[in-house]
Amino acid sequence: MNNVFRKLVTQVTAAFFAVVVLLTGAIWYHWTYSVVPLILGSEQTKADLLVSHYTELLQDVAETGTIEDIDGVLSQMILLTDTKTGQPMIRNLKVELFGGETLEKSNHLDSAGGEFIRVETALFSRKTQSMLGTLHLVYNGAFFHQLLSDARRQLLLGAAISLVLLVAVQRMVSRLLRPLEVLAGKLQEIDVERLPALPPPSRTASAEIRQVWRASEGMLQRIRQQQQELIAEHKAVEIAL
C-alpha cells in the first residue's frame, strides 16, 4: 500500500514538473520568436531614422561646406546618448567622400554591447543628384543585449523558483496523504476479532481524509455490531441445544 501512495506523490510531482516545463518553454518560445524580433525591428527603425535625419544634414554640408564642417556633424552624432542605457547610441561612424577623404569617429565601448546593426547609405547632391560619398554607421546594441540578458536572468530565476515550488508541492502532497497512508496500513493490519478503533486523523488532515476516516470508522462499527449479533446468535443456539 505504501508503494501506491509513493506512486501517487510521484505522479503529482511529475505532473507539476511537466506544467512548469511546458510553461517555461512557451514563455521562451514567445520571447525568442515574437518579442525579440519586435525589439530588434524597433532598434532597426531607430537606427534608420537616426541615419535618415543626419544624412540630409551631411549631404548639405558635404556639398557646400568643408571637411571641418563634416567632421563637426560627425562629432555631434557620435555624442548622441541612449536615455535608457546611458550609453552612446553609435559605436562607429565613417564618411567616405568621392574626393578621397575619409572621416571616422568611434566610441571606445565594451564589446559586450555588440555591433548588432550596421547601416550604410549614400550621400547625394541635392542640385546635381550626383553621388558625394558614403556614410557607414555601426549602431550600439547595448539596449538590445541588456534586454536579452535581463530576460535570461528572469528565466533562470523563474526556473529556480519553480524547482523550489516543486519540492514544496511534493512535501505538501506527501504530508496530506500521510494520514490516508496510516489509515490504509491500519486497515491492512486490523484484527477482525478485536477490531480496534482507528487512530484519529491529525489536525492538519484535509477534509477529504477526515471523510474517509469517518466512513472507515463507521464501517468498523457496523462490523463490530454484526460480530456481536453473530456471537449472541451462536450462544442462543448452544443454549437451545
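At 22% relative accessibility, Lys105 counts as partly exposed. This residue of the predicted model has a charged partner: its side chain meets that of Asp71 in a salt bridge, with 3.2 Å from N to O. Since Lys105 sits in strand β2 (residues 102-106) and Asp71 in helix α2, the pair ties together parts that are 34 residues apart in sequence. Asp71, for its part, has a relative accessible area of 27%, so it too falls in the partly exposed class.

That bridge is one of 7 salt bridges in the structure. Another brings together the side chains of Lys46 and Asp82, at 3.9 Å from N to O. Here again distant parts of the chain are linked, with Lys46 in helix α1 and Asp82 in the loop between α2 and β1, 36 residues apart. Lys46 is partly exposed, at a relative accessible area of 25%, whereas Asp82 is buried, at 9%. Then there is Lys94, which pairs up with Glu96, their closest N and O atoms being 3.5 Å apart. Lys94 comes out as partly exposed at 23% relative accessibility, and Glu96 gets the same label at 30%. Shared partners also turn some bridges into a network, made up of Glu43, Lys46 and Asp82.

Turning to the nonpolar side of things, the largest core has 24 residues, and the ones touching the most other members are Leu58, Leu74, Met77, Ile90, Leu93 and Leu137. Two or more residues each come from α1, α2 (67-78), β1 (90-97), β3 (117-124) and β4 (131-139). Helix α1 gives the largest share, 6 residues. Leu137 shows how such a residue is surrounded: leaving out residues up to four places away in sequence, Leu137 touches Leu50, Val51, Met77, Ile90, Asn92, Leu93, Ile117, Arg118 and Val119. Apart from the largest core lies another, of 5 residues, including Val36, Ile39, Phe144 and Leu148.

Finally, the aromatic rings. A search of the whole structure turns up 2 aromatic pairs. In one, Trp28 and Tyr33 meet edge-to-face, with 6.2 Å centre to centre and 90 degrees between the planes. Trp28 counts as partly exposed, at 43% relative accessibility. In the other, Tyr29 and Tyr33 are tilted, at 4.7 Å centre to centre and 40 degrees between the planes. Tyr29 and Tyr33 both belong to helix α1 (residues 2-64), where they are 4 residues apart, about one turn of the helix. Put together, Trp28, Tyr29 and Tyr33 make up one aromatic cluster.

Note on methods. Residues are numbered from 1 along each chain as its sequence is written. This is a predicted model: local features need pLDDT of at least 70, side-chain atom pairs count only at pLDDT 80 or more; totals for chains, interfaces and linings use all residues. Side-chain values use heavy atoms; hydrogens and water are left out. Rings of Phe, Tyr and Trp (its six-membered ring) pair if their centres lie within 6.5 Å; planes under 30 degrees apart count as stacked, over 60 as edge-to-face and the rest as tilted. Buried means under 20% relative accessible area, exposed over 50%, partly exposed in between (1.4 Å probe, protein chains only). A nonpolar core is a set of buried Ala, Val, Leu, Ile, Met, Phe, Trp, Tyr and Cys residues joined through side-chain atoms within 4.5 Å. Contact means heavy atoms within 4.5 Å. A salt bridge is a side-chain nitrogen of Lys or Arg within 4 Å of a carboxyl oxygen of Asp or Glu.
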